[in-house]
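User: Please take a close look at the enclosed empty space in this model. I would like to know what surrounds it.

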Amino acid sequence: MPMTSFWQIFSLEFKGLWRTKTLAILLIAALVWMLTADKVVSGDGTIEGAKEMYLKFSLGGVFAITLIASVFAATASIAKERAEKRLQLTMVRPVRYSIIAIAKTAAITFAGFMVLAFATAIAVLRVDTSDICYHVVSPILESPRAEAERMYRSYMEDPNTPEYIKRAKKSLVVRILTQRALDHFETIDSGETGKWKFSIPSSYGAKDIAAQIRFTNLYDMRSSVFGVFTLGDRSGSVSNITQSILSVKLSGSDESFSGEHELKFENRGSAAVMLRNRKDVHLLIPADARFYNLIRSLIQLTSILSFVVALSMFLGASLSRPVATFVAILMLLITEMSPSVIEQYPDELETKLVDRVGLYMTRLAEKVTRPLSSLNPLEALSRGECVEFSDTLEASAVNFILVPSIFALLSALALAAKKEP
């Protein structure tokens, strides 16, 4: 029976992790790091800053250690048994190779979940989790691609545009403009008013709302900012310093509302302010306690772990153990590094051929690994932003069910091709 075989293989794999002390070492490492992380990393001197740094780096450190250990365990699980000609001993009765792969994946993922849950429990004991996290609502804007297409047409019609840009491939120029659109600044001069439209979901029950803005000026220097935010009949004033994230509560009606609304900022200061519409302007709407946010974050982190373990199990079934481990670790490094390389690298139009090839490969790797790299909830968790239930549900469905099933089938095909005589 498939389910009976699944639980027997699951049990054997999990007991193996305990017998080799892998799980015990991970639990001890998690305990030590969670108790000492706040001594190693420091915040901005405020209580909230210390909490942000602790949640980000304590749970992040435990997750990194657990992820790497799980990769080693997953790539070795099948590869080692196959290399030692004892894969059939894993089968307590004749079962499909796909059952072996998915049961082993589930066992290693469950062990990792235990470590992450243990670390989360320590975080709950060490950090006040009763404060509220917030839904973050972004303004309604045209897509970066649409803005890039519009800017491309303007560049091509401008007689001052360099010829080498006009001769370049449209797809290349549009891609560069799309990247720049993400950092497109709007300047609000003294006496002017900036406006942004927001769509507030009815499920949020928005009664208490705050405007969150990051101010930047032309020369990246500090200066005073004075102004008033309004959203319908709600308003809030600000008098602060630039280069910091400001959350301004909008006071007014106690009634909840949803749908499209316009946020306005009237600049009453003497200096112009600059901000990026896609990155620096948000509405904050209270969600629930940070404790529940931690639970959702735990589920998302475990789902990422499940994805990586399933992939590593497939690599272990297809390749030798050293090669499988090397490929899996390399893919993790690429997932982590690609976004930073793309953001900091010079424009492709101005680079040498060898650099353009390297940048192209990095962009390709970033595009392939984006679904995984974009899942990490620790940034939102540490900032007090809501790890949305819908995102958690989607990640769970994909990474706990769909992805392991696909890689289990691929592992079965690889094992069948390498079937022992």
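Analyst: What follows covers the cavity, then its setting in the chain.

The model is predicted. Searching the whole structure for cavities of 30 Å³ or more turns up 1. The largest cavity has a volume of about 60 Å³.

Which residues line the largest cavity? From the first part of the list come Leu17, Thr22, Leu23 and Leu26. Ala69, Ser70 and Ala73 also line the cavity. Ile108, Ala111 and Gly112 complete the lining.

Three helices matter here. Helix H2 spans 22-40, helix H3 spans 47-83 and helix H4 spans 97-126. Each of them supplies at least two residues of the lining.

What is the chemical character of the lining? Its residues divide into 7 nonpolar and 3 polar. No charged residue takes part.

Now the wider chain. The protein chain has 13 helices and 10 strands. Of its 421 residues, 44% are buried. Contacts between residues at least 6 apart in sequence are mostly long-range: 81% of them join residues at least 24 apart. The chain exposes about 22200 Å². Carbon and sulfur atoms supply 61% of that area.

One residue outside the lining list deserves a note. Gly316 lies in helix H9, residues 290-318. Gly316 has a relative accessible area of 0%, so it counts as buried. Between Gly316 and Val327 the C-alpha to C-alpha distance is 9.9 Å, with 11 residues of separation in sequence.

How values were computed: Residues numbered from 1 in each chain as written. Predicted model: local features only at pLDDT ≥ 70, side-chain atom pairs only at ≥ 80, totals over all residues. Heavy atoms only, no water. Helix = DSSP H or I, 4+ residues; strand = E, 2+ residues; numbered from the N terminus. Buried < 20%, exposed > 50% of the residue type's maximum accessible area, 1.4 Å probe, protein only. Contact = heavy atoms within 4.5 Å. Areas by Shrake-Rupley, 256 points an atom, 1.4 Å probe, with all protein chains shown as cover. 1 Å grid on protein atoms, 1.4 Å probe; cavity = no way out; pocket = protein on both sides within 12 Å on 5 of 7 lines; lining within 4 Å. Points joined across faces, edges and corners; volume = space filled by probe spheres on them. Nonpolar A, V, L, I, M, F, W, Y, C, P; charged D, E, K, R; others polar.
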